[in-house]
Amino acid sequence: MKFEDVFEETDLTALEPDMPFRDLDEWSSMAALGTMAMVSDEYDVELTAEEMRSASTFRELFETVKSHL
Amino acid sequence: MFTLQGKEILVTGASSGIGRTAACMAAARGARMTLLARNEERLRQTMESLDGDGHRTMVCDLTDEDSLKEAVAQMPPLDGLVLCAGINEFMPVKFIRQDKLERVFQTNCFAHLLLVQLLLKRKKVNPGASIVFVSSVSSLMGVPGTLMYAASKGAVNSAVRVLASELAPQGIRVNAVCPGIVRSEMLAGTNITEEAFTGQERQYPLGLGRPEDVGFAALFHLCDGSRWLTGQTMVLDGGMTLI
């Protein structure tokens, strides 16, 4: 997933699959919208607000996206 | 004062949300309605809930010029238009693309301007008619993530002023209503969670809006009681922009 498109300041090399992304300093409602737009652009998957809300780690988010592919 | 007896009124986006509610409210006050939307089944449901008779439905994709021209050809001369059809996509600016921008502007702005143009050209807007654009308070603010939607509605607000002055000699009035957050199907279809909207509610001294709140404003604009009102954008936001 192209999180470099979503984040400006976060060190992407430090991200781990099981990291709760909401704990990141840069996480915000705009980062959530950016993540949904990135997923739409990259995978042609439109995540619902509910799906976005229910994922808490990068792995869960990826699994949710994968379930639509 | 709020009677619409004998008036022919067109509503776009009539199959759901503000459009459906406004159509029902106008029919209840004696108007004969032309309902336009893409979804035939939901359009039929709106039709069935209207008071009175003589109403008609038109299945039309506003963004398809041929479909729009065909619909206009079948329309009766109109005394009122309520232009509700709209779409909404929230994203940070860096994710905007030309195709996304075009899609939002096409529905929210260009299609309605073209509809008005075609109706005028075919002399289907009666003298004394009232045209009501459903804009948005977003067009007057700068909420992060709303660029495409806000800019498309801002373009509508500018068009309203030009149309109002151009059409005043024919006694045709043109105004916009700018609602804040209204609980509607369009809202439910966006990529914003229910929680986020509940959070927004705190910023609304009178709470979030209902489709009827916008419907009543549309009725006022449509009726003859507002005959001296043109070129304006009425903010309907439960006091949100006050605080």
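Chain B has eight helices and seven strands, and the model in which these elements appear is a predicted one. The C-alpha trace of chain B spans about 45 × 40 × 40 Å along its principal axes. For 243 residues, a compact globule would have a radius of gyration near 18 Å, and chain B, with 17 Å, agrees with that expectation. Of the 243 residues of chain B, 46% count as buried. If we take the contacts in chain B between residues at least 6 apart in sequence, 73% of them join residues at least 24 apart.

Chain A has three helices and zero strands, and from the N terminus on its elements run α-α-α. The C-alpha atoms of chain A fill a box of roughly 30 × 20 × 20 Å, taken along the principal axes. With 69 residues, a compact globule would have a radius of gyration near 11 Å, and the value for chain A is 11 Å, which agrees. In chain A, 20% of the 69 residues count as buried, and among its contacts between residues at least 6 apart in sequence, 55% join residues at least 24 apart.

We can now look inside chain B, beginning with one of its helices. Helix 8 of chain B covers residues 211-222, and at 1.5 Å a residue its 12 residues should span 16 Å; the end C-alpha atoms are indeed 16 Å apart, so the expected and the computed span agree. Is this helix enclosed or open? Nine of its 12 residues are buried, and therefore helix 8 of chain B is largely enclosed by the rest of the structure. Among these buried residues are Pro211(B), Val214(B), Ala218(B) and Leu222(B), together with Asp213(B) and His221(B). The buried residues of helix 8 pack against several elements of chain B, including helix 1 (17-28), strand 1 (8-12), strand 4 (78-83) and strand 7 (233-236).

Helix 4 of chain B gives another picture. This helix has 24 residues, yet its end C-alpha atoms are only 30 Å apart, which is short of the 34 Å that a straight helix would reach at 1.5 Å a residue. Where does helix 4 of chain B bend? The bend is found at Gln106(B) and amounts to about 55 degrees. The buried residues in helix 4 of chain B include Val104(B), Thr107(B), Ala111(B), Leu115(B) and Val116(B). As a general point, an α-helix has 3.6 residues a turn, so residues three or four places apart point the same way. The buried residues of helix 4 are covered by elements of chain B that include strand 1, helix 3 (65-74), strand 4, strand 5 and helix 5 (147-167).

Just after helix 4 of chain B, Lys123(B) takes a positive phi of about 55 degrees. Lys123(B) lies in the loop between helix 4 (98-121) and strand 5 of chain B. With 8 other C-beta atoms within 10 Å, Lys123(B) is exposed. In chain A, Asp44(A) also has a positive phi, of about 60 degrees, although it is not a glycine. The place of Asp44(A) is in the loop between helix 1 and helix 2 of chain A, and with 9 other C-beta atoms within 10 Å, Asp44(A) is exposed.

Let us turn to the nonpolar interior. In soluble globular proteins, nonpolar side chains tend to be buried together. The largest nonpolar core here has 58 residues, of which Val11(B), Ala22(B) and Ala26(B) touch the most other members. Leaving aside residues up to four places away in sequence, Val11(B) touches residues that include Ala22(B), Met33(B), Leu36(B), Val82(B) and Cys84(B). Apart from the largest core lies another one, of 14 residues, and among them are Met36(A), Leu47(A), Phe90(B) and Phe95(B).

The last step is the contact between the chains. How many residues does each chain bring to this contact? Chain A gives 11 residues and chain B gives 10 residues. On the side of chain A that touches chain B, helix 1 and helix 2 (49-54) of chain A each supply at least two residues. Helix 1 of chain A gives the most to this side, with eight residues. Sorted by class, the side of chain A that touches chain B has six nonpolar, two polar and three charged residues.

Key. Residues numbered from 1 in each chain as written. Chains lettered and ligands numbered in written order. Predicted model: local features only at pLDDT ≥ 70, side-chain atom pairs only at ≥ 80, totals over all residues. Helix = DSSP H or I, 4+ residues; strand = E, 2+ residues; numbered from the N terminus. Expected span 1.5 Å × (residues − 1). Contact = placed C-beta atoms within 7 Å. Nonpolar A, V, L, I, M, F, W, Y, C, P; charged D, E, K, R; others polar. Core = buried A, V, L, I, M, F, W, Y, C linked by C-beta atoms within 7 Å. Rg over C-alpha atoms; globule rule 2.2 N^0.38 Å. Bend = angle between axes of the 7 residues up to and from the residue.
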